[in-house]
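The exercises below deal with charged side chains and with the confidence of a model. Please work through each task with the sequence and the structure at hand before turning to its solution.

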Amino acid sequence: MDAARNGAASECVALSSWIAGKWSTSGGTFEVYSPTTGSVIDRLRSAGSADVDEAAAAARQAFERYRATPAPVRAGWCLSASAAVLAHEDRLARELSAEHGKPVADALAEVRSAANGFRMAAGVVLGDPGESPSVADAGKRIAVRREPLGVWAVITPWNFPLNIPVEYIGPALSTGNAVVWKPAPTTARIAALFREVLLDADFPQDLLQLVVTDELTVAQHLTAHPMVSAIGFTGGSAAGEAIERAHPGKHLLLELGGNTAVVVLDDADLDAAADAIAASAFWNAGQVCSAAGKVLVARPLHDALAQRVADRARKTVLGDPLEPGTTQGPLHLAASVERIQAHVDDACSRGARLLTGGAVDARLGGGFYLPTVLADVPEDAAAFHEETFGPVAALSAYDTEEELIAAANAGSYGLVAAVHTRSASRAFRVSEALEAGLVVVNDSSNYWELNLPFGGAHGRRSGRGRLGGRFALSEFTQVKAIAIDIR
């Protein structure tokens, strides 16, 4: 950890890909950087196509061996995994903070949430009662059961490098599937540590293979592999759509991009709305698919709300994510600054007012982008139609409820939306009119719990299927009906 904190490079670690019961030592290497210092903190081995073949074969063999394991045993696997994560929570949190750049308190919360994800997966599978529907034929008895799909290729992003993988791995294991997991290369070291920690858990270890690579062709080989029955992917819309086009015959669970609309009606509580918008826009440095993308405000409230959000932005403490007082660390990818700055500059060139931020922190430099508030942002600004994925709140004023709804539904995304109002009837009316998979009323659009269904609205560029609690059962299993003649 000291090497990670100080930006010192180490030799290539043995812990990279975990395949067929061992840590792989094959392949070339790639570098992992500290987002805080910009220095190399490690060199990891990059798996190749042959490693994918070995991982898929091992996962398939494990699936065939354990697919009929009773649900209570599978639930026990997940409970054991949860206990293993909690036993190493401090080590995991500090490594996550150093490699990702999020404040260590947020990293610890993510580790604990990952542990909760395993516990929830155990509870969900135990709570499935099965079905025995009635039929017209008195001589028949019907059993409806859920069966696992097989081997899952799970590809996860860097913004929540533990929580998002468990959203797939937990229900996959609890329902009897096997997983080949490919994490983002920039957070591959924490993925390898996570896999090492899970070796302490009491489940058949070949049910979870880890393939670490920075090569796109290797990831493509994984998703196309004939032993892979299903693909779980969280990431950008363009990449997810490419997977969808390339694999029409495989079961797909895709959680893709968002440009969250936050609708503030004219009866909203200004201070509460400002708190929620700041949390929506600036938490995790805005690197969240549900972060506030466009804040659409009733015109009488616009200026006062914009100033309140700016006041909260100025109170953010940027700094070393491993220091306890830090509330925002660096952007995970230094290259993100260019996109974020382009969105800010584009909005200002079209008439938006910059109230605070709008640049990297002059004291810290690099990827430390100041929380930014833009007022009077026009509809044709890029920030209103594309994911900024950075700490930017862009506000615009509208005259009527109908205009607010139309602006919220404009664009191609439909993952999350939020509404602020004191009226229960307006909350329901507007929420039902918004085209999003989740609508949050009077709270941060980043509000989320593991047991809730999470995914994009139909016909939008935010994915297909649902993660979360019992809703994941239909994604990770297929239904089989068995009709028995008792005569």
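**Exercise 1.** Determine how many salt bridges there are in this predicted model, and examine the one between R43 and E31.

*Solution.* Start from the rule that a side-chain nitrogen of Lys or Arg must lie within 4 Å of a carboxyl oxygen of Asp or Glu; by this rule the count comes to 33 salt bridges. For R43 and E31 the N to O distance is 3.4 Å, and their side chains meet in a salt bridge. Next, place the two residues: R43 belongs to strand β4 (residues 40-46) and E31 to strand β3 (residues 28-33), so that the pair links distant parts of the chain, 12 residues apart. Finally, consider the surroundings: R43 has a relative accessible area of 31% and is partly exposed, and E31, with 33%, is partly exposed as well.

**Exercise 2.** Decide whether D269 and R422 are buried, partly exposed or exposed, and locate the salt bridge that they form.

*Solution.* The closest N and O atoms of D269 and R422 are 3.8 Å apart, and the two residues form a salt bridge. D269 sits in the loop between β11 (260-264) and α10 (270-282), whereas R422 sits in the loop between β16 (416-420) and α14 (424-433), and the pair links parts of the chain that are 153 residues apart. Because the category exposed requires over 50% relative accessible area, D269 at 34% counts as partly exposed, while R422 at 61% counts as exposed.

**Exercise 3.** Trace the salt bridge between E401 and R426, and find which residues share a network with them.

*Solution.* The closest N and O atoms of E401 and R426 are 3.2 Å apart. Since E401 lies in helix α13 (residues 401-409) and R426 in helix α14, the pair ties together parts that are 25 residues apart in sequence. Both E401 and R426 are buried. Following the shared partners further, one finds that salt bridges join D266, D267, E401, R426 and R429 into one network.

**Exercise 4.** Identify where the confidence of the model is lowest and where it is highest.

*Solution.* Begin with the protein as a whole, which averages a pLDDT of 95, with 97% of the residues scoring at least 70. Then compare the elements: confidence is lowest in helix α1 (residues 2-6), with a mean of 38, and highest in strand β7 (residues 178-182), at 99. Over residues 1-11 pLDDT stays under 50, and the model has 28 contacts beyond four places in sequence for these residues. Where pLDDT is low, the predicted coordinates should not be read in detail.

Methods
Residues numbered from 1 in each chain as written. Predicted model: local features only at pLDDT ≥ 70, side-chain atom pairs only at ≥ 80, totals over all residues. Heavy atoms only, no water. Helix = DSSP H or I, 4+ residues; strand = E, 2+ residues; numbered from the N terminus. Buried < 20%, exposed > 50% of the residue type's maximum accessible area, 1.4 Å probe, protein only. pLDDT = per-residue confidence, 0-100. Contact = heavy atoms within 4.5 Å.
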